[in-house]
Structures are given as structure tokens and as C-alpha cells.
Amino acid sequence: MAVGARSGHDEPDRRAGGAFGDDTTGDDVTDDGRAQPPNGGAPGGGTPDDGDGAPGGADSAPRRQRSFWKELPLLVGIALVLALLIKTFLVQAFSIPSESMMNTLQRGDRVLVDKLTPWFGSEPERGEVVVFHDPGGWLEGQETPTPNVVQKFLSFIGLMPSAEEKDLIKRVIAVGGDTVSCKEGGKVVLNGVPLDETSYLYPGSVPCQDSFGPIKVPENRIWVMGDNRQNSLDSRFHQQLPGGGTVSDDEVVGRAVVIAWPVTRWATLPVPQIFDNPALNKALGAAPLGAAGLAGALPLVLWRRKKVAARHTAE
């Protein structure tokens, strides 16, 4: 028998490097005409492919998953970026610091403010509860809380209500072009229509203690009042400031849409039905129409007077 020839009897005894059937290298070697090592083994003492198409060795072992602790900083970073984007463009939490909006809002309530719609040109509307920056002088002399570093950071990314910013929350009573007034002990009159505010005024509160108006609200500004009229320093008390007590639309952060905390107080903040009265818009549109009628009648009156004067002169 030639050297190197195999026989069915001695094959199990002629093994190089390991027990029968072991794959010591993990290489998948194909017949490419290169010299083969003795005993029909693979280079390095291994065995050829077992014929099932799956190479053995370390390459076929499952990869280890990345450690949770290595992924945690990435997850935290993504969460913080999302929170910051939501606070900047979508909603922001605010804490109610006073009793000026009772019973609609109570001290300590957390409300979520819609900041998205103003980006699309939406303007404040009558009856909405809005958060706005101090127009200047409204919060003069009032102390604001001093948060620690952690509170500042959480407030910055929107995970805590704003603590340092001088913001106020009131209900919009009139918008640009409206005329608003109130007689002492009477109802607020908007565009000639008395408002029935019993659905949201604090029980026992009167619409106004002192008379004001009539006040014509400038365009792109709003007139705001608290629901607890006897405990609210609103537009009525800042008429001596620039703007005459009105607030610019640009100062409005957004509309408060829901009470988010505490859970026992969870509720939405809809617009009261009285502000859906079509008569408010009809009265608003009557003023320009009346002015146009007056302007049209003026030349006729002047012509008539001129004609009468000419007749007297001729006599």
C-alpha cells in the first residue's frame, strides 16, 4: 500500500491534533488545489468542513450584546433632548402661585400650556386661560422663588414648572378691536353685550368692584382678568402703564389647556360657552359699519346745508 493511503481500518487511529471529529481551527477549507496536510486534516491540525455548510469555531458564536450601562448615557441624552424640544415647541408646565384664578385654578396646581399653535399664527381668543410674560411693572415688588441648581436644570428642560420666570396666568376677556367696560357691582359688558360669568367666577365674587371703561382694546393686544376678581391684579389695575392695562399678543406664552397635577384635580380648561355668543362679533362689526354710514352721510349733509344757505342768500 502506498504511503499516505487510507484504509477503513486505521482511519480512527491516524488523527492529528485532537480527538476524532474535533475542529481545532474553525477554518472552512475548500479544495483549491493546494497541498493538504497529512491525514486529510485542515491546516493547523483541524478537520475539513463536515459537509453541513456551517463552519465551526469562534466566527459562528453569537455576538455579545452591548452593556446596558454603556447604553444608558445615550438613552438619557436622547430623553433630555426630546424633553427640551417638547418644552420649547409643544407644551410646558407651569405652577399656579396665587389664588387669582380660583376656583378654576388653585394655588399649587400644575397646568400644561400649549406652545405649538402660536407657531402657526394662532392668536389668543376670548375666554381662553393664557400664560403671558410680565408686560412690565405687573409683578414689580413681588418676590419670585429662588430654585437650586437641580431645579433650574429641570425647569430649563421642561421637567419642572418654570420657577424663576415672571409669568402670569389670567383669562382673556377681550381681544384687539373689542370694547370692554363694567359698572361697579354690575356685569362686564363686551361689545355692548353683558356677560354672564357665573360659570367660572369664584363663588361670591362680583364681576368688578370698581367701574372701568369703556376701553377699546388696541389691535394685537388683549384685556385679561382673573376669575377671582376680588383677589386679582389684572388689566383693571394697570391702566396707568404703557398699553393701558392690555397685554401684547407677543407676550403670550400659550394657552393653558389642562390641569395635570395633582391627579385629583385633573381637568381640561375649555372656553366658556358665553364667549361663543355670535352677538359679540356682530356688535364688533357694527362699529365700522356705523362709521362707514356716517362718512357716507356727511357729504349729503354738507350739500344740503350749502343749498339752504344759497336759497337764503337769494332771498
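This report walks through the fold, one sheet, one disulfide and some local features of a predicted model.

**Overall picture**

Let's start with the whole chain. It carries 3 helices and 12 strands. Of its 315 residues, 30% are buried. The accessible surface adds up to about 20100 Å², and carbon and sulfur atoms account for 58% of that. As for how the chain meets itself, take the contacts between residues at least 6 apart in sequence: 69% of them join residues at least 24 apart.

**The sheet around strand 5**

A good place to zoom in is an open sheet of 4 strands, which pair antiparallel in the order 7-6-5-8. Strand 7 (193-194) and strand 8 (212-216) sit at the edges, each pairing on one side only. As general background, strands of a sheet pair through backbone hydrogen bonds, either parallel or antiparallel.

Strand 5, residues 179-182, is joined to strand 8 by 3 bridges, and the two run antiparallel. You can check the register residue by residue: Thr179 faces Lys216 in strand 8, and Val180 stands opposite Ile215 in that strand. Strand 5 also pairs with strand 6 (residues 188-190), again in the antiparallel sense and over 3 bridges. Here Cys182 is the residue standing opposite Val188 in strand 6.

Strands 5 and 6 make a hairpin with 5 residues between the strands, and in this hairpin Gly185 adopts a positive phi near 80°.

**The disulfide**

Cys182 turns up again here. The model has 1 disulfide, and it joins Cys182 to Cys208 with an S to S distance of 1.9 Å. Where do the two cysteines Cys182 and Cys208 lie? Cys182 is in strand 5 while Cys208 is in the loop between strand 7 and strand 8, so the pair links distant parts of the chain, 26 residues apart. Both cysteines, Cys182 and Cys208, are buried. The torsion about the S-S bond of Cys182 and Cys208 is about -80°, which makes the disulfide left-handed.

**Aromatic rings and a charge**

Searching the whole structure turns up 3 aromatic pairs. Among them are the two in this table.

| Pair | Geometry | Centre to centre | Angle between planes |
|---|---|---|---|
| Phe132 and Trp138 | edge-to-face | 5.7 Å | 85° |
| Phe212 and Trp223 | stacked | 5.3 Å | 25° |

Why does the pair of Phe212 and Trp223 tie together parts of the chain that are 11 residues apart in sequence? Because Phe212 lies in strand 8, whereas Trp223 belongs to strand 9 (residues 221-225). Both Phe212 and Trp223 are buried. Phe132 is buried too, and so is Trp138.

There is also a charge over a ring: Arg171 lies over the face of Tyr200, at 4.3 Å from the ring centre.

**Backbone details**

Next, some spots where the backbone deserves a look. Which residues are joined by a cis peptide bond with omega of about 0°? Met102 and Asn103 are joined by one, and Trp261 and Pro262 by another. Asn103 is found in the loop between strand 1 (91-95) and strand 2 (110-114). Pro262 has its place in the loop between strand 11 (252-261) and strand 12 (267-268).

Then come two asparagines with positive phi. Asn191 has a phi of about 55° although it is not a glycine, and this residue lies in the loop between strand 6 and strand 7. Asn220, also a residue other than glycine, has a positive phi near 65°. Its place is in the loop between strand 8 and strand 9.

Is each of these asparagines buried or partly exposed? Asn191 has a relative accessibility of 9%, so it counts as buried, the limit being under 20%. Asn220 has a relative accessible area of 47%, so it is partly exposed.

**Pulling it together**

Strand 8 is a handy landmark for a second look at the model. This strand is an edge of the open sheet, it is bridged to strand 5, and it holds Phe212 of the stacked pair with Trp223. Strand 5 is another landmark, with Cys182 of the disulfide in it and with strand 6 as its partner in the hairpin that contains Gly185.

Note on methods: Residues numbered from 1 in each chain as written. Predicted model: local features only at pLDDT ≥ 70, side-chain atom pairs only at ≥ 80, totals over all residues. Heavy atoms only, no water. Buried < 20%, exposed > 50% of the residue type's maximum accessible area, 1.4 Å probe, protein only. Contact = heavy atoms within 4.5 Å. Areas by Shrake-Rupley, 256 points an atom, 1.4 Å probe, with all protein chains shown as cover. Pairing = 2+ DSSP bridges. Phe/Tyr/Trp six-rings, centres within 6.5 Å; stacked < 30°, edge-to-face > 60°. Lys NZ or Arg CZ within 6 Å of the ring centre and 35° of its normal. Disulfide = S-S within 2.5 Å.
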